[in-house]
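Me: I should like to understand how certain terms are applied to a protein structure. Please set each value against its cut-off and then draw the conclusion.

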Amino acid sequence: GLWQAGVALLDIQEFILPPPSTIFSEMWAIREQLLRQSIPTTIEIWLGFFIAFGAGFLIAIPIAYSRLVEETVFPILVAFQVVPKVALAPLFLIWLGFGMVPKVAVAALIAFFPIVVNTVTGLRSVEQEMVQWMRTLGAKPWEIFFRLSLPWALPYIMAALKVSIGLAVVGAVVGEFIGTDRGLGYIILRSTSELNTPVLFGALITISLIGIISYAIVTAVEKVLLSWQTAAEAAPETM
């Protein structure tokens, strides 16, 4: 309401800041285009997210259990993390072409690091007394991992996934900014060149909705996977 009233009272030109009524009216007028262009962007987000999860999880396991691997691999990951991903996106475009692959690669690259860090932290947070207790019961290393370490680290992993899904949204749009002829990033670039600010805001709102829905999906999965933790933390019933 403040936005709508402020634009009218201050007489701000529409190409600088359109009122919400104009934005939503324009979104409704181009709803089919927004929906159509949302499909490739959503696919890029989730493919990048799943690749980041798979790669991050597999790399985190040897880092968590081997000091040599940590000292060898982790500094490389940190150095790679601090490199601006926007600067790497044009290289991916040259190496991987103009299709969906470079956008997925950028999304995966941006979403990758939090998964590694949180998974390592979670696996290392397991109480050693419980590990020793399982060993005295004759548990094999893989049994300790799947029955103790992984469930113990799961809250850390799910926290990382909730961060990473948002980063995957950023990565997919950044990839579309570099070079594409479809997707919501393409709509933003085209509307910017045309000074069509209502369409630009419409694309931004659509991207935000995709991010919110994606985050809600990951949160729902977290609630299912960690339902045992909620039950364990619940206070016992008393007479």
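Reply: In this predicted model, Ala216 has its place in helix 10.

Me: What makes Ala216 partly exposed?

Reply: The relative accessible area of Ala216 is 43%. Buried requires under 20% and exposed requires over 50%. The value for Ala216 meets neither condition, and therefore Ala216 is called partly exposed.

Me: How far is Ala216 from Leu137, in sequence and in space?

Reply: The two are 79 residues apart in sequence, and their C-alpha atoms are 40 Å apart in space.

Me: Why is Asp11 called exposed?

Reply: Asp11 has a relative accessible area of 64%. The term exposed applies over 50%, so Asp11 qualifies. Asp11 is found in the loop between helix 1 (2-10) and helix 2 (20-29).

Me: What is notable about the phi of Asp11?

Reply: Phi is near 55 degrees for Asp11, a positive value in a residue other than glycine. Most residues other than glycine have a negative phi.

Me: How do you know that Leu195 is exposed?

Reply: Its relative accessible area is 57%. The cut-off for exposed is over 50%, and therefore Leu195 is exposed. Leu195 lies in the loop between helix 9 (184-193) and helix 10 (197-225), and its phi is also positive, near 55 degrees.

Me: Which residues have the most contacts inside the largest nonpolar core?

Reply: They are Ile45, Phe49, Val116, Leu161 and Val218, in a core of 45 residues. Helix 8 (141-178) is one of the helices that supply at least two residues of this core, and helix 8 gives the most, with 13 residues.

Me: What makes Phe49 a contact of Leu161?

Reply: Contact means heavy atoms within 4.5 Å, and Leu161 touches Phe49. Leaving aside residues up to four places away in sequence, Leu161 also touches Phe53, Ile115 and Val218.

Me: How many cavities of 30 Å³ or more does the structure hold?

Reply: The structure holds 1 such cavity. About 40 Å³ of space lies in the largest cavity.

Me: Which residues line the largest cavity, and how do they divide?

Reply: The lining consists of Leu77, Phe80, Gln81, Lys85, Leu109, Phe112 and Phe113. Leu and Phe count as nonpolar and Lys as charged, while Gln falls among the others, which are polar. The lining therefore divides into 5 nonpolar, 1 polar and 1 charged. Helix 4 (67-81) and helix 6 each supply at least two of its residues.

Note on methods
Residues numbered from 1 in each chain as written. Predicted model: local features only at pLDDT ≥ 70, side-chain atom pairs only at ≥ 80, totals over all residues. Heavy atoms only, no water. Helix = DSSP H or I, 4+ residues; strand = E, 2+ residues; numbered from the N terminus. Buried < 20%, exposed > 50% of the residue type's maximum accessible area, 1.4 Å probe, protein only. Core = buried A, V, L, I, M, F, W, Y, C linked by side-chain atoms within 4.5 Å. 1 Å grid on protein atoms, 1.4 Å probe; cavity = no way out; pocket = protein on both sides within 12 Å on 5 of 7 lines; lining within 4 Å. Points joined across faces, edges and corners; volume = space filled by probe spheres on them.
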